[in-house]
Amino acid sequence: MGLKSKLCAQIEVKAKNDVFYDAFRHKPHHVSTMCPVHVQGCDRLEGDLGTVGSKICWKYTHDGKKKFSKQIIEAIDEEKKIITFKEFEGDIVNEYENWKVSLHVDEEGEKDLVSWTMEYERPNENVPELTNLLQFFIDMTKSIDDHHVNKPN
């Protein structure tokens, strides 16, 4: 068993937070058009998009390298607007164990918020925390937000 870690980020967005929930739950294949620098594609591998147990494969660029992540939708909380993805094959689980990420959209007064929470295990203290991957999620969120805010009518 490795060293357990949890990293979180909460980003205030200008676009309605439902845009993020809808994109990652029902239209992950559209994410690459919203932030092509970060995500180059998302393919359905198995099951119906947006349902627990369905499997997808993300193609993305992180730290200047092309990477992939095969994930299963582990949980959906429709009421709280939380989706949890768990990687079962890809660049992250090659080095980290039990990696998963949760997207949570929420409101705080007048603010629309998008939160990302990553949980994983490092095999030992020499393997770094995934702070650079958390920054990737922050940057991706800002790009998606810009795409929707600056979208021509």
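The following exercises, with worked solutions, concern a predicted model.

**Exercise 1.** Determine how many cavities of 30 Å³ or more the model has, and describe the lining of the largest cavity by class.

*Solution.*
1. The count gives one cavity of 30 Å³ or more.
2. The space in the largest cavity is about 170 Å³.
3. Its lining consists of 15 residues, and those nearest the centre are Trp58, Gln71, Phe136, Phe137 and Met140.
4. At least two lining residues come from each of strand 3 (55-62), strand 4 (65-77), strand 6 (97-108) and helix 3 (131-149). Helix 3 contributes the most, with four residues.
5. Sorted by class, the lining holds 13 nonpolar and two polar residues, and no charged ones.

**Exercise 2.** Identify which residues of the largest nonpolar core touch the most other members.

*Solution.*
1. The largest nonpolar core has 38 residues; Phe24, Trp99, Trp116, Met118, Leu130, Phe137 and Met140 touch the most other members.
2. Helix 3 provides the largest share of this core, seven residues.
3. For Trp99, neighbours within four places in sequence are set aside; the remaining contacts include Met118, Leu130 and Phe137. Among the other contacts of Trp99 are Gln71, Lys86 and Glu87.

**Exercise 3.** Establish where aspartate 63 is found and whether aspartate 63 is buried or exposed; then treat asparagine 98 likewise.

*Solution.*
1. Aspartate 63 has a positive phi, near 55°, although the residue is not glycine. Aspartate 63 belongs to the loop between strand 3 and strand 4.
2. The relative accessible area of aspartate 63 is 52%, so aspartate 63 is exposed.
3. Asparagine 98 also has a positive phi near 55°, but is placed in strand 6.
4. With a relative accessible area of 39%, asparagine 98 is therefore partly exposed.

Terms used: Residues are numbered from 1 along each chain as its sequence is written. This is a predicted model: local features need pLDDT of at least 70, side-chain atom pairs count only at pLDDT 80 or more; totals for chains, interfaces and linings use all residues. Side-chain values use heavy atoms; hydrogens and water are left out. On a 1 Å grid over the protein atoms alone, a cavity is a set of points where a 1.4 Å probe fits but cannot get out, and a pocket is an open set with protein on both sides within 12 Å along at least five of seven lines; lining residues have an atom within 4 Å of a point. Grid points are joined across faces, edges and corners, and a volume is the space filled by probe spheres set on the points. Ala, Val, Leu, Ile, Met, Phe, Trp, Tyr, Cys and Pro count as nonpolar, Asp, Glu, Lys and Arg as charged, and the others, Gly among them, as polar. A nonpolar core is a set of buried Ala, Val, Leu, Ile, Met, Phe, Trp, Tyr and Cys residues joined through side-chain atoms within 4.5 Å. Buried means under 20% relative accessible area, exposed over 50%, partly exposed in between (1.4 Å probe, protein chains only). Contact means heavy atoms within 4.5 Å.
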